[in-house]
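Hello,

Here is the structure I said I would pass on. My notes on it follow below.

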Amino acid sequence: MRGMGRFGDAGQLQPGTPGLSQDQYGAYSKANRFWFTYQTPNIASLAAAAAATNTIQFDNDSAFEWIKSTYSVDKANAITQLAGSGSAATNNSIAVPFVTLQIQDTGQGSYYSNQPIPIYQLAGGSPGFPYVLPAPQIIAPNASLQFNWLSYSTAGGGNETYTNLRMQLHGWKILRGAG
């Protein structure tokens, strides 16, 4: 029986090996997991009633165990004020966008919701505060998630344009063997 390779190659290990776990993608060692964040590409500007799409391509050397998510956003012609920037933050100074999001695993053709969901329901109530998933989601190596964004800010009466809109997926990268 051989030990773990540099990239978590557990293919040579026998079942029941101490420190070895099993999931739907095969055996892995918890020693070959590390905390990682994937971020969607930046949406430079999303005007009222506009839509945008972007994609995260996951690494092929590892599965990703998605644990929680956050988002970040700015409003056009406004400064988002956070604590420590000279004055205390208030609920009115943090941009919470009127934006829906629907996420699709393009490899499987499946969606993470049946309809687009407001971003603050998928990634925390305010920018920087995480939404913890009820159960970790394992994303396969080399998977591709497509993010479909839609601004509904006209419903809020603000007709806002949002800038620098991104979503972050936080979790464990589980390294796999090269072969």
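Of the contacts in the protein chain with a separation of 6 or more, what share comes from residues 24 or more positions apart? The figure is 76%. Please keep in mind that this is a predicted model.

Overall layout

The protein chain has 12 strands and 1 helix. Along the sequence they run β-β-β-β-β-β-β-β-β-α-β-β-β, with the helix placed between strand 9 and strand 10. The chain counts 179 residues, and 36% of them are buried. Its accessible surface is about 9600 Å², and carbon and sulfur atoms hold 50% of that area.

Nonpolar core

The largest nonpolar core has 26 residues. Those that touch the most other members are F58, W66, I119, F147, W149, M167 and L169. At least two residues of this core come from each of strand 4 (43-46), strand 5 (51-57), strand 6 (62-75), strand 7 (99-105), strand 10 (131-139), strand 11 (144-151) and strand 12 (162-175).

F58 is worth listing in full. With residues up to four places away in sequence left out, F58 touches Y38, F64, I139, A140, N142, A143, L145 and L169. One of these partners, L169, is itself among the core residues that touch the most other members.

Second largest pocket

This pocket has a volume of about 150 Å³. Its lining consists of W66, I103, Y112, S113, I117, L122, Y131, L133, P134 and Q137. Sorted by class, 8 of the lining residues are nonpolar and 2 are polar, while none is charged. Strand 10 gives the most to the lining, with 4 residues. W66 appears here as a lining residue and also in the list of core residues with the most contacts to other members.

K75

K75 is part of strand 6. Is K75 buried, partly exposed or exposed? K75 counts as partly exposed because its relative accessibility is 28%, and that class covers values between 20% and 50%. Apart from neighbours within four places in sequence, K75 is in contact with A95, E160, T161, Y162 and T163. Two of these partners, Y162 and T163, fall within the range of strand 12 (162-175). K75 and V96 are 21 residues apart in sequence, and their C-alpha atoms are 9.0 Å apart in space.

Regards

Technical notes:
Residues numbered from 1 in each chain as written. Predicted model: local features only at pLDDT ≥ 70, side-chain atom pairs only at ≥ 80, totals over all residues. Heavy atoms only, no water. Core = buried A, V, L, I, M, F, W, Y, C linked by side-chain atoms within 4.5 Å. Buried < 20%, exposed > 50% of the residue type's maximum accessible area, 1.4 Å probe, protein only. Contact = heavy atoms within 4.5 Å. Areas by Shrake-Rupley, 256 points an atom, 1.4 Å probe, with all protein chains shown as cover. 1 Å grid on protein atoms, 1.4 Å probe; cavity = no way out; pocket = protein on both sides within 12 Å on 5 of 7 lines; lining within 4 Å. Points joined across faces, edges and corners; volume = space filled by probe spheres on them. Nonpolar A, V, L, I, M, F, W, Y, C, P; charged D, E, K, R; others polar.
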